[in-house]
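Biologist: Could you take one part of this model and describe it closely, saying what packs against what, and giving the cut-offs behind each term as you go?

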Amino acid sequence: MTRGKNLLFASIGEGALILLVGAIALVVRRPLIFASLGPTAYEMVEQPLARSARTYNIIVGHMAGLGAGFLSLWLLGAWHAPKVASAGFITSSRLWAVVLAVVITTAITLALKASQPASLSTSMLVSLGSMQTGLDALAIAIAVVIMAVAGEPVRRQFAKALLPRRDDH
């Protein structure tokens, strides 16, 4: 694939994945679109051969981040601390919740061979308070599954374009 063609198709591919999830969010009127989906779409399109771009890694990684975010809030009693985005500052309990969430997410994803860099963003969204309700958790889980399943054929197409053809040898 030429550089210009890749520029066009990669940009459209990533935009289409975000548009799909965003359109579903509009229809169901739930916050299915959030920051950690961007890097996930990027990896599926621009790094399709990477392990972290695979469906397993995406789903397990983000679910680990989601669970780690909630667990860290509970363990450190940070649930009711001011939410960073709305308060404009971070409290020590939120800071430690973020650190613990990142540590737990990393440990789980490495142990399960489900490394997914954007999963750290998911753990941070929760532990910073941006998405910390049960409905938020459901929205994250649904959006991640939609992205992973809808993005898999896109990822495979981009991966196929990167692999040498048999007649090229």
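Modeller: What follows is a close look at one helix, α6, with its neighbours and the core beside it.

This is a predicted model, in which local features need pLDDT of at least 70 and side-chain atom pairs count only at pLDDT 80 or more, while totals for chains, interfaces and linings use all residues. Residues are numbered from 1 along each chain as its sequence is written, and side-chain values use heavy atoms, with hydrogens and water left out.

To place the helix first, the protein has seven helices and zero strands (DSSP runs numbered from the N terminus, H or I of at least four residues for helices and E of at least two for strands). The C-alpha trace spans about 60 × 35 × 25 Å along its principal axes, and 40% of the 169 residues count as buried (under 20% relative accessible area, with exposed meaning over 50% and partly exposed in between, for a 1.4 Å probe and protein chains only). Of the contacts between residues at least 6 apart in sequence, 74% join residues at least 24 apart, contact meaning heavy atoms within 4.5 Å.

Helix α6 covers residues 118-127, and it is largely enclosed by the rest of the structure, because seven of its 10 residues are buried. Those buried residues are Ala118, Ser119, Thr122, Ser123, Leu125, Val126 and Ser127, and their cover includes α2, α3, α5 and α7. Leading into α6 is the loop from α5 (92-111), where Lys113 sits; Lys113 is exposed, with 60% relative accessibility, and has a positive phi near 55 degrees although it is not a glycine. Most residues other than glycine have a negative phi. After α6 comes Gly129, whose phi is also positive, near 100 degrees.

The packing of α6 on α3 can be followed residue by residue. The axes of the two helices lie 7 Å apart, at an angle of about 30 degrees (lines fitted to C-alpha atoms over the stretch in contact, with angles from 0 to 180 degrees between N-to-C directions). α3 is therefore roughly parallel to α6, given that angles under 35 degrees count as roughly parallel, over 145 as roughly antiparallel, 65 to 115 as roughly perpendicular and the rest as oblique. The crossing is right-handed, the near helix being turned clockwise from the far one by less than a right angle. On the α3 side the contact uses Gly61, His62, Gly65, Leu66, Gly69, Phe70, Ser72 and Leu73, and on the α6 side Ala118, Ser119, Thr122, Ser123, Val126 and Ser127. By class this contact has five nonpolar, nine polar and no charged residues, where Ala, Val, Leu, Ile, Met, Phe, Trp, Tyr, Cys and Pro are nonpolar, Asp, Glu, Lys and Arg charged, and the others, Gly among them, polar.

Helix α3 (residues 55-76) also packs on α7 (residues 134-162), with axes that come within 9 Å and cross at roughly 170 degrees. That angle makes α3 roughly antiparallel to α7, and this crossing too is right-handed. Thr55, Ile58, Ile59, His62, Met63, Leu66 and Phe70 of α3 meet Ala137, Ile140, Ala141, Val144, Val145, Ala148 and Glu152 of α7, a set that divides into 11 nonpolar, two polar and one charged. His62, Leu66 and Phe70 of α3 are thus named in the contact with α7 and in the contact with α6.

Turning to the interior, the largest nonpolar core (buried Ala, Val, Leu, Ile, Met, Phe, Trp, Tyr and Cys residues joined through side-chain atoms within 4.5 Å) has 28 residues, of which Val21, Phe34, Leu37, Ile140 and Met147 touch the most other members. At least two residues come from each of α1 (3-28), α2 (37-46), α3, α6 and α7, and α7 gives the most, with nine. Phe34, in the loop between α1 and α2, is buried at a relative accessible area of 9%. Beyond its neighbours within four places in sequence, Phe34 contacts Thr122, Leu125, Met131, Ala139, Ile140, Ala143 and Val144, and its C-alpha atom is 9.7 Å from that of Ser130, 96 residues away along the chain. Val21, with residues up to four places away not counted, touches Leu32, Leu37, Ala143, Ile146 and Met147. The loop that holds Phe34 also holds Arg29, but Arg29 is exposed, with a relative accessible area of 71%, and its phi is positive, near 55 degrees.
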